[in-house]
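The exercises below ask the reader to work through the empty space in a model, and then through the ligand and its surroundings. Each task is followed by a solution in steps.

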Amino acid sequence: MAKQKKLFHILSSQQFDRSWLEKSLFPEILKMQRVVRAGKVLTTLKGKSVCLLFYEPSTRTRTSFEQAVIKLGGIPVTTENAKEFSSAIKGETMFDTTRIINAYYFSAIVIRSDYEGASSEAASVSKVPVINAGDGAGQHPTQALLDLFTIYENFKKIDGIRVAMVGDLKYGRTVRSLSYLLAKFKKVHIAFVAPQSLQMKADILDHLKENGVTYNKSSDLAKVAPMVDVIYMTRAQKERMSGEKFDGDGVRMTREILSTVNKKSIVLHPLPRSNDFNELPEELTDDPRIKIFQQAENGLFTRMALLKMVIK
Ligand code: NCD
């Protein structure tokens, strides 16, 4: 396989290759973990600033990106709720917004938008790296990278891993990006657990088939939970649904189901977990297999590593 080109834009999970993930990214994330845990701030981005354009709600992605810039010694500038508070409301395109941010000499642009392809539009005109922090029901590659690292941290390998992706797989972008990453490894099996109307889309299933990843579909977490190493819970993406029924039946973690999960298995969730559907109830939080806060913390280290790698 051709050696991966130097990292510039981060737009989708397909763009990475396995050896870059294992030999460049994971060691860099571990380095950042040590730096942060030792209470240090780096000078990598000294005198540089990163612009964050967030057109959709976010807590973790935005604050961890901001903190990542700060811990690298740079300055983050954010337009939160850019859909209302930026010129988007006046009809400005992503192309023009990007040209403007370029004109102000930012060193990178991080974009979360409500439509698929927004960051690719930005990247097509940007002179500085564009990072996709979630584009509608498209992808969320930085989330998938931190998810993959969390799996690696817990199992010390990805090959042979059995993962259940649970919940709203049709509109969730994290599960799409994670599927693409997992497809780069050997003997991976994915169980897609969702109500029929919210199952994983055909483009991902086709990609898995082409890459030798086996999968099965189910609508009953109770049946799948004892068989897998990783249970990746997700919330219903209500903001993107168009009339699909989602009552959470069969795709909710319960104490009973958790009691059937292997002691060495782990439960992840990109968060936020939803209080309405209660797919991962608060009362289960302290179970040692639930690694959601380790996962979230890895978001900071992963985003530091990525910013360091893309900004010159
Ligand atoms: C996810 C997202 O925005 O896609 N959140 C996140 O970045 N951790 C998941 C979600 O909103 O359900």
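**Exercise 1.** Find how many cavities of 30 Å³ or more the structure holds, and describe the lining of the largest cavity.

*Solution.* The structure holds 1 cavity of 30 Å³ or more, where a cavity is a set of points, on a 1 Å grid over the protein atoms alone, at which a 1.4 Å probe fits but cannot get out. This is a predicted model, in which local features need pLDDT of at least 70 and side-chain atom pairs count only at pLDDT 80 or more, while totals for chains, interfaces and linings use all residues. Residues are numbered from 1 along each chain as its sequence is written, and side-chain values use heavy atoms, with hydrogens and water left out.

The next step is the volume: the largest cavity contains about 70 Å³ of space, a volume being the space filled by probe spheres set on the grid points, which are joined across faces, edges and corners.

The lining (residues with an atom within 4 Å of a point) includes Arg60, Gln143, Pro270 and Leu271. At least two lining residues come from each of α2 (60-71), α6 (141-155) and α11 (292-310), and α11 gives the most, with 5 residues; helices here are DSSP runs (H or I, at least four residues) and strands are runs of E of at least two, numbered from the N terminus.

**Exercise 2.** Determine where the ligand sits, and which residues lie closest to the centre of that space.

*Solution.* The ligand sits in the largest pocket, meaning that more than half of its atoms lie within 2 Å of the pocket's grid points; a pocket is an open set with protein on both sides within 12 Å along at least five of seven lines. About 440 Å³ of space lies in this pocket, and of the 24 residues that line it, the closest to its centre are Arg112, Arg173, Arg235, Leu271 and Pro272.

**Exercise 3.** Identify the polar contacts of the ligand and state how much of its area the protein covers.

*Solution.* Among the residues that surround the ligand (a heavy atom within 4 Å) are Arg112, His140, Gln143 and Pro270. For polar contacts (N or O pairs within 3.5 Å), begin with Arg112, whose side chain has an N or O atom 3.0 Å from an oxygen atom of the ligand. The side chain of Gln143 places an N or O atom 3.2 Å from a nitrogen atom of the ligand, and a backbone N or O atom of Pro270 is 2.9 Å from a ligand nitrogen atom. Of the 310 Å² of accessible area that the ligand has on its own (Shrake-Rupley method, 1.4 Å probe), the protein covers 94%.

**Exercise 4.** Locate the cis peptide bond and the loop that holds Pro272.

*Solution.* The cis bond joins Leu271 and Pro272, with omega about 5°, and Pro272 is found in the loop between β9 (266-268) and α11.

Technical notes. A polar contact is a pair of N or O atoms within 3.5 Å; within protein, one must be able to donate a hydrogen and the other to accept it, and residues adjacent in sequence count only if both atoms are side-chain atoms.
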